[in-house]
Amino acid sequence: MIYEMRTYTLQPGMVPEFLGRFEKCLEDRLKISKLTAFFYTESGAGELNQVIHIWEYEDADHRMDIRKSLNDLPNWPPPVRDLVVKQESRLMSPAPFPEKPLEGELGNIYEIRTYTFQPGKIPLVIERWDKIIHERMKISPLAACWFTEFGPLNTWTHVWPYKSFQERIDVRKAQAKLDGWPPDTREFMLSQENRLVIPAPFSPMR
């Protein structure tokens, strides 16, 4: 599987309008391929007024076939261009953990953490995470974990759900006591980005 993360930066205050227009056009779109998650930003190092939608495809060829078939969909894309300031897309492969992105009511807020590593280090990141991530997931679930194939390269994105901001604080205190967490990857880490986001009502991951 591959996953496309599309991030749109909107004009200030336009997130509710975007969500409404997007949802009206979503039913037919979902008949063609799977939506993994849809979020909008609450706070963090990234920009505000952003929406993030993540789509699942079998592979890059499947994505291209789907993109072509969208041309025949009468109500897609949604009429949102007047709300969008800029767009970004990245194609990501899943890490071995979790086996697939989680679905269902996992939390009211999600933390999307994106780390950029030195070129060629992602296999080593996977190896070091694999040694401890299963113990970390006993504290709270990991909703998804990916690394980029196209777009900003050498990035590592992990998504964590929380019921509340207080639960996030409590979990971070608990994980600080876990021996071996965070994994030892700082020696080849170039940057970190953190965003707190809220799932849209129609997001499969919510």
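# Backbone geometry and fold of a predicted chain

N49 sits in the loop between β2 (34–44) and β3 (50–57). Helices (H or I, at least four residues) and strands (E, at least two) are DSSP runs, numbered from the N terminus. The model is predicted: local features need pLDDT of at least 70, side-chain atom pairs count only at pLDDT 80 or more, and totals for chains, interfaces and linings use all residues. Residues are numbered from 1 along each chain as its sequence is written, while side-chain values use heavy atoms, with hydrogens and water left out.

## Backbone outliers

N49 is not a glycine, yet its phi is positive, about 60°. The relative accessibility of N49 is 23%, so this residue counts as partly exposed. The classes are buried (under 20% relative accessible area), exposed (over 50%) and partly exposed (in between), with a 1.4 Å probe and protein chains only.

N154 also has a positive phi without being a glycine, here about 65°. Its place is the loop between β6 (144–150) and β7 (155–162). With 21% relative accessibility, N154 counts as partly exposed.

Two prolines follow cis peptide bonds. One bond runs from W76 to P77. P77 lies in the loop between α3 (60–69) and β4 (84–94). The other cis bond joins F97 and P98. P98 belongs to the loop between β4 and β5 (109–117).

| Site | Backbone value | Place |
|---|---|---|
| N49 | phi about 60° | loop between β2 and β3 |
| N154 | phi about 65° | loop between β6 and β7 |
| W76 to P77 | omega near 5° | P77: loop between α3 and β4 |
| F97 to P98 | omega about -15° | P98: loop between β4 and β5 |

## Strand β6 and its partners

How many of the seven residues of β6 are buried? Five are, so β6 is largely enclosed by the rest of the structure.

β6 pairs with β4 in the antiparallel sense, over four bridges. Two strands pair if DSSP finds at least two bridges between them. M92 has T148 of β6 as its bridge partner.

β6 and β7 also run antiparallel, joined by four bridges. A144 stands opposite V159 in β7. The hairpin of β6 and β7 has four residues between the strands, and G151 takes a positive phi near 110° there. In a regular strand, side chains alternate between the two faces of the sheet.

## The whole chain

The chain holds six helices and eight strands. From the N terminus, the order is β-α-α-β-β-α-β-β-α-α-β-β-α-β. The radius of gyration is 17 Å, close to the 17 Å that the globule rule gives for 206 residues, so the chain is as compact as a globular protein of that length. That radius is taken over C-alpha atoms, and the rule is 2.2 Å times the number of residues to the power 0.38. Along the principal axes, the C-alpha atoms fill a box of roughly 55 × 35 × 30 Å.

Of the 206 residues, 48% count as buried. Among contacts (heavy atoms within 4.5 Å) with a separation of 6 or more, 83% link residues 24 or more positions apart.

The accessible surface is about 10,400 Å², and carbon and sulfur atoms own 50% of that area. Areas come from the Shrake-Rupley method with a 1.4 Å probe; for residues, only the protein chains shown count as cover.

The chain carries 27 positive and 29 negative charges, whose mean positions are 3 Å apart. Lys and Arg count as positive, Asp and Glu as negative; His and the chain ends are not counted. Each charge is placed at NZ of Lys, CZ of Arg, CG of Asp or CD of Glu.
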